Structures are given as structure tokens and as C-alpha cells.
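Work through the following exercises with the sequence and the 3D view side by side. Each task is followed by a solution that proceeds step by step.

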Amino acid sequence: MNENSPLPDDSDRLRVIATYLQLELARVQRCLATAERREREQQLARQATARSTKPAWTVQVTLGAEPRPIAIHHGECTVGRPRVRPITRRDAIEALTVGVEACGLCRPDRELQVD
């Protein structure tokens, strides 16, 4: 045995140690794969939750005691924030048909098919 190494000198015992280490490495790799899969699933769940909490359509309103609608936006659009409120698809279509402006960036009038 080498003084600097805690390993034995004979091949039989070294093979036993090598086999043990290979088995342990395989176990660690299985645990790692399980942990990575679980983390990916959690990330996908967080993304799905974030998407489901965003409204499909929003209305941007003016500041003041009696806010008036300024523009309609797609729910993912960040223009006009924080002065946007969630609205239904039907409300978005109605607002566009009565003259509320469509956002020039996200163009909700195209998806809602309102001219």
C-alpha cells in the first residue's frame, strides 16, 4: 500500500472497491435523473400556472376618479401597465366596436376579428 493512498495494493480488493463505486455512481445517477425530472415538472407546472393566471384580454384605463377605457390589449401585452384591467373576450369585442382603440403593438382587433 502506498503511504499517500488509503487504497489497498492487491487487485482483488481494488476490484471490489471499483465495483462498489460503480454501483454507487449508478445509484447517484438514478437519483440525479429523478431530481432533474421532478424539477422540470415543477417548472412546467409553474409556467402553466403563470399562463393560466394571465387574462386573455385587458382594457387600459385613464387615471382619475372615473377611469375611462383607452385601449384594448391582449393579456400578454405589457403596454399600458399597470393601468390595465382584465376583461372577457366579449367585452373586448364590444369595446372595440364602440370605438375604444386597439393596441398598436399587440393588435387585439386582428385576433378578435374586429375591423
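**Exercise 1. Find the glycine that takes a positive phi just after α2, and describe the helix that precedes this glycine.**

Solution. The residue to find is Gly-99, whose phi in this predicted model is about 110 degrees. Stepping back into the helix, one finds that α2 spans residues 89-97, and that its buried residues are Ala-92, Ala-95 and Leu-96. Seen down the helix axis, these buried residues fall within an arc of 95 degrees, so they line one face of α2. An α-helix has 3.6 residues a turn, so residues three or four places apart point the same way. On the face of α2 turned away from the buried side, the exposed residues are Arg-90 and Thr-97. The last step is to ask what the buried residues of α2 pack against, and the partners are β1, β2, β3, β4 and α3.

**Exercise 2. Determine which residues form the largest nonpolar core, and which elements each supply at least two of them.**

Solution. Begin with the membership: the core has 12 residues, namely Trp-57, Val-59, Val-61, Ile-72, Ile-87, Ala-92, Ala-95, Leu-96, Val-100, Ala-102, Leu-112 and Val-114. Next, assign them to elements, whereupon β1 (57-61) and α2 each turn out to supply at least two residues. Then follow one member outward: with neighbours within four places in sequence left aside, Ala-95 is in contact with Ile-72 and Val-100. As background, nonpolar side chains in soluble globular proteins tend to be buried together.

**Exercise 3. Decide whether Gln-60 is buried or exposed, and identify the side chain joined to that of Gln-60 by a polar contact.**

Solution. First locate Gln-60, which belongs to strand β1. Its relative accessible area is 10%, and because buried means under 20%, Gln-60 counts as buried. The side chain of Gln-60 is joined to that of His-73 by a polar contact of 2.8 Å. Beyond residues up to four places away in sequence, Gln-60 touches several others, among them Arg-68, Ile-70, Gly-80 and Val-84.

For comparison, consider Thr-62, which is placed in the loop between β1 and β2 (69-74). Thr-62 is also buried, because its relative accessibility is 18%, and, apart from neighbours within four places in sequence, Thr-62 contacts Pro-67, Arg-68 and Ile-70.

**Exercise 4. Locate the cis peptide bond, then examine the positive phi values of Arg-107 and Gln-113.**

Solution. The cis bond joins Arg-81 to Pro-82, with omega about 10 degrees, and Pro-82 sits in the loop between β2 and β3 (84-87). Turning to phi, Arg-107 has a positive value of about 50 degrees without being a glycine; this residue lies in the loop between β4 (101-102) and α3 (108-112) and is partly exposed, at 29% relative accessible area. Gln-113, likewise not a glycine, has a positive phi near 55 degrees; Gln-113 is in the segment after α3 and is exposed, with a relative accessible area of 68%.

**Exercise 5. State the order of helices and strands, and set the radius of gyration of the protein beside that of a compact globule.**

Solution. Counting elements gives three helices and four strands, which follow the pattern α-β-β-β-α-β-α along the sequence. A compact globule of 115 residues would have a radius of gyration near 13 Å, whereas this protein has 30 Å. Along the principal axes, the C-alpha atoms fill a box of roughly 90 × 30 × 20 Å. Finally, buried residues make up 23% of the 115 residues.

Definitions and conventions:
Residues numbered from 1 in each chain as written. Predicted model: local features only at pLDDT ≥ 70, side-chain atom pairs only at ≥ 80, totals over all residues. Heavy atoms only, no water. Core = buried A, V, L, I, M, F, W, Y, C linked by side-chain atoms within 4.5 Å. Buried < 20%, exposed > 50% of the residue type's maximum accessible area, 1.4 Å probe, protein only. Contact = heavy atoms within 4.5 Å. Polar contact = N/O pair within 3.5 Å; in protein donor to acceptor, adjacent residues only side chain to side chain. Arc of directions from axis to C-beta. Rg over C-alpha atoms; globule rule 2.2 N^0.38 Å.
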